[in-house]
Amino acid sequence: MLRPLTRSDARTAQAVLDACHDYALLFQGHAFSPNAAEAEFDAVPSGFPVDRKRVFGIEGSAGHLVGLLEGLSGYPSNEVWYLGLLLVVPAARGRGVGTYAYAALESAVRGESFAAIELAVLKDNVGALAFWQRMGFTVIREVPAATLGAKRHERFAMRKKLSDA
């Protein structure tokens, strides 16, 4: 189940980030900072309204968080929902948690009449690229290399069209 999170949930969200040390190393070359979850609630592109940032917890069967999902409603254009992160703790991977969380998000986004969902995948993250392709996303362009943390990455921008709008 996806549960909207607020800044008061930052400590619980931080536990998910801390459990995903492997992704932190891939993404930025070092562990997430101790306040990474709190900072996530305000992380938006320059000029984008922070009130359109969405952070969700992915709840496991026992009700505790096993993942995080975050994105931007109406970015990079009003008809697009941008998915910035879908992260599942290692102990819950391979059990359909990511598929379930994405399906719940897509259903909600369709209900808000967005035309598409977009995201970016690190070229080095071949497992994530395959996952998003299974979810129906296609590569729309290669994103020029950028430094993320202590690492430099090339990314694929991907899109899934939801309607003809």
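User: Let's start with Ala157. Which strand is Ala157 in?

Analyst: Ala157 sits in strand β7, residues 151–161. Helices and strands here are DSSP runs numbered from the N terminus: H or I over at least four residues for a helix, E over at least two for a strand. Before we go on, this is a predicted model, so local features need pLDDT of at least 70 and side-chain atom pairs count only at pLDDT 80 or more, while totals for chains, interfaces and linings use all residues. Residues are numbered from 1 along each chain as its sequence is written, and side-chain values use heavy atoms, with hydrogens and water left out.

User: How do I read burial, and is Ala157 buried or exposed?

Analyst: Buried means under 20% relative accessible area, exposed means over 50%, and partly exposed is in between (1.4 Å probe, protein chains only). Ala157 has a relative accessible area of 5%, so it is buried.

User: And what is Ala157 in contact with, beyond its neighbours within four places in sequence?

Analyst: Contact means heavy atoms within 4.5 Å. For Ala157 the list is Leu119, Ala120, Thr138, Val139, Ile140, Arg141 and Val143. The C-alpha atoms of Ala157 and Leu122 are 9.0 Å apart, with their positions 35 residues apart along the chain.

User: Zooming out, how many helices and strands does the protein have?

Analyst: Five helices and seven strands. From the N terminus, the order is β-α-α-α-β-β-β-α-β-α-β-β. The radius of gyration, taken over C-alpha atoms, is compared with a globule rule of 2.2 Å times the number of residues to the power 0.38. Here the radius is 15 Å, close to the 15 Å the rule gives for 165 residues, so the protein is as compact as a globular protein of that length. Buried residues make up 44% of the 165. Of the contacts between residues at least 6 apart in sequence, 56% join residues at least 24 apart.

User: What about a nonpolar core: which residues touch the most other members?

Analyst: In soluble globular proteins, nonpolar side chains tend to be buried together. A nonpolar core is a set of buried Ala, Val, Leu, Ile, Met, Phe, Trp, Tyr and Cys residues joined through side-chain atoms within 4.5 Å. In the largest one, with 46 residues, Leu69, Trp81, Leu83, Tyr102, Leu105 and Trp132 touch the most other members. Strand β4 (residues 80–88) gives the most to this core, with six residues. Leaving aside neighbours within four places, Trp132 is in contact with Leu83, Leu86, Tyr102, Leu119, Val121, Phe137 and Met158.

User: How many aromatic pairs are there, and how do I read one?

Analyst: A pair of aromatic rings is described by the distance of the centres and the angle of the planes. Rings of Phe, Tyr and Trp (its six-membered ring) pair if their centres lie within 6.5 Å; planes under 30 degrees apart are stacked, over 60 edge-to-face, and the rest tilted. A search of the whole structure finds seven pairs. One of them is Tyr102 with Trp132, edge-to-face at 5.4 Å centre to centre and 85° between the planes. That pair links distant parts of the chain: Tyr102 is in helix α4 (residues 97–111) and Trp132 in helix α5 (residues 126–134), 30 residues apart. Phe131 and Trp132 have ring centres 4.7 Å apart and planes at 80°, so that pair is edge-to-face. Ring pairs link Tyr102, Phe131, Trp132 and Phe137 into a cluster.

User: Which charged side chain does Glu118 make a polar contact with?

Analyst: A polar contact is a pair of N or O atoms within 3.5 Å; within protein, one must be able to donate a hydrogen and the other to accept it, and residues adjacent in sequence count only if both atoms are side-chain atoms. Glu118, in strand β5, makes one with the side chain of Arg159 at 2.7 Å. Glu118 is buried, with a relative accessible area of 9%. Elsewhere, the side chains of Glu106 and Lys160 are joined by a polar contact of 2.7 Å. Glu106 is in helix α4 and is buried at 11% relative accessible area.

User: What is unusual in the backbone, say at Ser113 and Pro76?

Analyst: Most residues other than glycine have a negative phi, and most peptide bonds are trans. Ser113 has a positive phi of about 65° although it is not a glycine. Ser113 lies in the loop between α4 and β5 (116–122) and is exposed, with a relative accessible area of 59%. A cis peptide bond joins Tyr75 and Pro76, with omega about 5°, and Pro76 is in the loop between β3 (65–73) and β4.
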